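Q: Please provide a close look at the nonpolar core of this model. Where the same elements recur in other parts of the structure, a connected account of those parts would also be useful.

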Amino acid sequence: MMPNSNDDLQQVRARIAATAARLIAQDGADYSTAKTKAARQVLGVDRPSPNYLPDNIQVEDEVRRYQTLFHGPAQAARVRHMRSAALEVMEQLAEFRPYLTGAVLNGTAGEHDVIHLQLFADSAKEVEIWLLNRNVNIEISETPHFKGGRHDPVETVSFTWQTEMVHAELYEMNDLRGALKPRADGRLQRADAATVRALMTNDSLEQDE
């Protein structure tokens with residue numbers, strides 16, 4: 001049921017964000033799908049007005065709260081393991097300027113998440129050949145460009161590194177310009193190997209406390 005004029009819009013968004021966070025943490029839903037399903041559950045409509053939907057930052061905060069409450073140390077250990085695996089891949093792919101993004105970077109990775117990388121090269125074929133020459137089996141797909149719908153989707157190679165699945169989006173070198181700006185909340189959107197290494201050091205310090 002759609003809220004009436006007496007309903008607090010912020011409370012509605014908070015309920016949708018909390019419901020979406022549960023879908024993400026439990027089922028591995030992506031943010032867009034989770035928000036759509038959550039809005040349907042909370043409001044009872046398939047296409048709610050966009051102003052009722054929380055932004056991804058609000059949903060991410062709710063995912064973090066949910067994981068702290070229900071998964072605790074196990075989830076933190078999962079993040080540490082995935083960051084370690086991501087760093088190994090990034091060091092191997094260093095010539096392609098790898099950056100880590102997504103749940104592994106922001107610390108909300110769970111059992112359903114994979115490692116998301118963005119690589120920058122003169123040609124996507126360079127990355128594919130590099131992997132194939134090292135007997136890495138790859139699957140090729142497309143991912144929307146991080147700069148939005150005005151840009152063509154980018155080729156993405158997916159492969160298993162040890163026991164973790166990696167999705168690596170392949171960008172041109174000039175796409176890196178302007179790509180390192182922080183998010184609206186000041187958090188990193190992407191991190192190079194040095195930054196990931198620093199995050200892992202911080203994780204270890206917090207674990208020892």
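A: The account below starts with the core and then follows its elements outward.

The model is predicted, so local features require a pLDDT of at least 70 and side-chain atom pairs a pLDDT of 80 or more, while totals for chains, interfaces and linings use all residues. Residues are numbered from 1 along each chain as its sequence is written, and side-chain values rest on heavy atoms, leaving out hydrogens and water.

In soluble globular proteins, nonpolar side chains tend to be buried together. A nonpolar core is here a set of buried Ala, Val, Leu, Ile, Met, Phe, Trp, Tyr and Cys residues joined through side-chain atoms within 4.5 Å. Buried denotes under 20% relative accessible area, exposed over 50%, and partly exposed the range in between, for a 1.4 Å probe and protein chains only. The largest such core comprises 32 residues, and those with the most contacts inside it are L93, L100, I115, L117, L119, L131 and F159. Two or more residues each come from α4 (72-92), α5 (102-106), β2 (115-121), α6 (124-133), β4 (154-161), β5 (164-172) and α7 (193-208). Helices (H or I, at least four residues) and strands (E, at least two) are DSSP runs, numbered from the N terminus. Helix α4 provides the largest share of this core, seven residues.

L100 illustrates the packing. With neighbours within four places in sequence left aside, L100 is in contact (heavy atoms within 4.5 Å) with A86, M90, L105, I115, H116, L117, Q189, R190, A191 and V196. A second, separate core has 16 residues, among them V12, I24, A39 and V42.

Helix α6, one of the contributors to the largest core, also holds E128. This residue counts as buried because its relative accessibility is 5%. Beyond four places in sequence, E128 touches I138, I140, E155, V157 and L170. The C-alpha atoms of E128 and T156 lie 9.7 Å apart, although the two residues are separated by 28 positions along the chain.

T156 also leads to strand β3 (residues 139-143), where T143 is found. The side chains of T143 and T156 are joined by a polar contact of 2.6 Å. Such a contact is a pair of N or O atoms within 3.5 Å; within protein, one must be able to donate a hydrogen and the other to accept it, and residues adjacent in sequence count only if both atoms are side-chain atoms. T143 is buried because its relative accessible area is 19%. Apart from neighbours within four places, the contacts of T143 are P153, V154, T156 and E169.

The loops that join these elements include two residues of note for their backbone. Most residues other than glycine have a negative phi. N135, in the loop between α6 and β3, is not a glycine yet has a positive phi of about 60 degrees. N135 is exposed, with a relative accessible area of 70%. Q162, in the loop between β4 and β5, likewise has a positive phi, near 55 degrees. Q162 is exposed as well, at 57% relative accessible area.
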